[in-house]
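Student: I've got a model open and I keep tripping over the labels people put on residues. Can we go through a few and check each label against its cut-off?

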Amino acid sequence: MKMEMDKENIVQAVVIMDTFNSNFSPLTDNKPMGFLEVAGVPLIDYVLESLALGGVGEAILFCCQNGQKIKEHVQKHQDNKSLWSLTMDIQILMSDTCQTMGDVMRELDAAALLKGYFVLAGINSITNMNFASLLEQHKQTCKKDKGTAMTLVYKKLSWEHPLISSDRSTFLAANENTKKVLVHKRYRPKSKEKIISLPLDLVLNNSEVKLHHNLVDTNIALCSPTVPPLFSDNFDFQTRDDFIHGILINEEILASSLYYTLLKSNQYAAAITNWKTYQTVCRDILHKWVYPLSIESGLYSRDKYTLTGNLNFVENSAMLSRSCVLTENTLIGAKTQVQDNTTVTKSIIGKKCTIGNNVIINGSHIMNNVIIKDNCRISNSFIDDNCVISEGSNLHAGTIIAENVKVESGSDLKGRIECSIDNDKKLQKSESSGTEWEESSGSSDEEFIGFDKVWSDSESCYSSISSADSSLPDSPVPDDTKMFLQEVIDSLARGYDEKLKCDYLILEINSSRYAYNIQLNEVNFFVVRALLSMPVLSEAKNVLTTVKDILKYFRPVLANYIKSKSSIMDCLRAVEDTCLNCEWLDGKSGQILHLLYEADVVDEDSLVDWYAELKENANPFVKQPSLVKFFEWLQEASEESDDSE
């Protein structure tokens with residue numbers, strides 16, 4: 001009976017393995033979208049690992065083409081005992097007749113393989129979200145509204161973030177109290193529409209309406225058992241947008257409704273829909289925003305990378321000339337050779353590549369077994385597997401080279417060129433009409449296929465600069481220390497949510513410390529700053545009560561780092577810095593110190609010395625009312641103690 005119950009409660013996910021567009025042509029003409037490598041790892045490996053880590057027990061991979069290749073890849077994983085294969089069952093379905101997502105859903109309905117509530121995702125979705133908890137949240141919504149068909153999953157970012165500005169943006173209006181979707185509109189990139197019309201009855205019938213214009217569509221939804229039959233009953237539902245639009249305009253007829261949920265600040269999700277979003281997600285993975293997904297995911301867990309500074313990752317079997325230069329944000333794959341006087345900047349180079357002498361590679365993505373000969377210039381371009389770029393060639397401004405192509409010596413390829421091979425094995429320009437992104441790019445001077453003309457330096461989902469939902473305060477922090485701080489926040493937030501043992505978290509923090517070469521006094525400082533910067537605090541109704549709970553839970557972590565006079569001073573400086581930069585702690589410095597004092601993290605002598613130092617340096621922080629009040633209380637408590645003795 002118990003086994004049957006567990007089987008009934010298993011979390012199911014459907015992953016649609018095709019995107020039903022030519023946005024990544026000619027790369028995906030002869031191989032599955034799931035084999036597109038993102039920061040050196042195939043998409044399918046990220047997806048399978050994220051499903052298993054997110055609590056999915058059974059995944060259905062639905063393939064409309066290249067299904068046999070997917071099946072062989074999954075079998076290889078299972079033979080090699082990949083971690084996800086130990087906890088998750090995989091079913092691979094194939095159909096040559098499905099041309100749209102709607103066709104897939106109708107096939108699934110006919111096959112009756114879905115047991116109840118399920119996760120619906122695309123092969124192009126990269127995330128570290130907890131699917132099981134979100135699906136449970138969806139079930140709770142269904143209890144309140146029996147007609148709930150789907151909960152849409154979004155990530156909230158700043159309007160300028162490249163994941164929004166590079167793709168079709170979403171405008172969403174919803175009931176603020178229930179999260180029920182009322183209006184859902186999609187806009188083409190760089191849309192010039194400036195006016196949004198809302199039906200009057202929408203405002204009159206809802207006490208509070210929330211408007212969102214800065215949401216990233218993760219291409220992930222939480223579905224009720226009614227979703228497949230709805231597709232079967234409505235053959236005009238071909239895409240997910242068709243489904244959403246149909247439900248909203250026929251809500252009463254279909255007796256169905258839609259809801260939405262926003263991911264927390266420490267959760268990552270993005271859909272790779274074009275070359276710009278591809279480039280952004282590659283960078284985010286290098287920057288470890290998608291942890292625990294990383295460049296060592298899947299079968300590539302055997303690859304071991306060394307971080308050489310400035311976010312340059314080099315696989316241990318790669319061979320680099322002493323005169324080559326890796327400037328920043330680069331990845332060099334296994335058994336790749338980089339020869340004399342070559343410079344690589346903000347680029348990803350795959351496995352078993354040979355890069356010649358005097359080559360300059362900037363903002364580019366080079367796959368596996370590629371040969372780039374001497375004196376080449378590769379800028380903001382993509383080169384697929386098994387290509388040869390002959391001497392003196394210049395590829396720039398968004399050139400896309402398909403697999404097995406040889407570029408002749410001295411070639412100058414620029415802009416929207418998709419290189420492939422015809423029957424005579426000659427280089428030719430693709431005749432494709434272009435992707436949705438290309439068609440909407442606008443001005444004629446943008447002669448590139450989707451990569452930025454320069455590698456985007458804009459911040460990621462968790463950046464304090466560009467994301468309104470970030471957990472990091474705005475004070476300037478150098479890159480390596482910013483990365484370390486964010487990793488500590490992520491570790492602690494996950495530990496607090498999932499009630500992990502503090503010993504494990506200390507190991508994670510120490511591992512990050514060595515990866516970024518952080519000094520011990522900086523670790524002390526950033527651990528305290530991270531504890532006071534956790535996302536849960538920005539959402540808490542009673543911040544001080546939550547801080548007290550956090551200090552109690554993480555007492556072993558604090559005891560591991562804050563145990564000497566110098567480390568206590570590091571702790572106090574972190575309190576000062578965080579109280580100045582986190583709005584949820586504004587004006588609460590005295591109360592925070594009181595909590596630390598009561599928890600025996602800081603002692604009276606250290607507090608007095610630190611306060612004297614603030615006064616001596618005429619630090620304006622010393623005048624904060626709550627701080628003054630705390631030290632008055634501390635002095636009175638000390639005098640009373642002396643009197644009693």
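Student: What does Tyr561 touch, leaving out residues up to four places away in sequence?

Tutor: This is a predicted model, by the way. Tyr561 touches Ile506, Ile509, Asn510, Val523, Asn524, Val527 and Ser567. A touch here means heavy atoms within 4.5 Å.

Student: How far apart are Tyr561 and Val523, in sequence and in space?

Tutor: They're 38 residues apart in sequence, and their C-alpha atoms are 7.8 Å apart. Tyr561 itself is found in helix H18, residues 555-561.

Student: Why is Tyr561 called buried?

Tutor: Buried means under 20% relative accessible area. Tyr561 has 6% relative accessibility, so it counts as buried.

Student: And what makes Thr546 buried?

Tutor: Its relative accessible area is 13%, and the cut-off is under 20%, so the label fits. Thr546 sits in helix H17, residues 543-553. Setting aside residues up to four places away in sequence, Thr546 touches Tyr496, Val536, Leu537 and Ala540.

Student: How much of the protein is buried?

Tutor: Buried residues are 56% of the 645 in the protein.

Student: Now the surface. Why is Glu639 called partly exposed?

Tutor: Partly exposed is what falls between under 20% and over 50%. At 42% relative accessibility, Glu639 lands in that range, so it counts as partly exposed. Its place is in helix H22, residues 625-644.

Student: Which residues form the negative patch with Glu639, and what makes it negative?

Tutor: Glu632, Glu636, Glu639 and Glu640 form it. Asp and Glu count as negative, so four Glu residues give a negative patch. Patch members need over 30% relative accessible area, and Glu639, at 42%, clears that.

Student: Where does Ile196 lie, and why is it partly exposed rather than buried?

Tutor: Ile196 lies in the loop between strand E10 (181-187) and helix H7 (200-204). Its relative accessibility is 39%; buried would need under 20% and exposed over 50%, so partly exposed is the right label.

Student: What patch does Ile196 belong to?

Tutor: A nonpolar one on the surface, made with Leu198, Val203 and Leu211. Together the four have about 310 Å² of accessible area.

Student: And how much accessible surface does the protein have?

Tutor: About 28,700 Å², with 48% of that belonging to carbon and sulfur atoms.

Key. Residues are numbered from 1 along each chain as its sequence is written. This is a predicted model: local features need pLDDT of at least 70, side-chain atom pairs count only at pLDDT 80 or more; totals for chains, interfaces and linings use all residues. Side-chain values use heavy atoms; hydrogens and water are left out. Patches are made of residues with over 30% relative accessible area and no salt bridge: like charges are joined within 9 Å, nonpolar side chains (Val, Leu, Ile, Met, Phe, Trp, Tyr) within 5 Å. Accessible areas come from the Shrake-Rupley method with a 1.4 Å probe; for residues, only the protein chains shown count as cover. A salt bridge is a side-chain nitrogen of Lys or Arg within 4 Å of a carboxyl oxygen of Asp or Glu. Helices (H or I, at least four residues) and strands (E, at least two) are DSSP runs, numbered from the N terminus. Buried means under 20% relative accessible area, exposed over 50%, partly exposed in between (1.4 Å probe, protein chains only). The place of a charge is taken as NZ of Lys, CZ of Arg, CG of Asp or CD of Glu.
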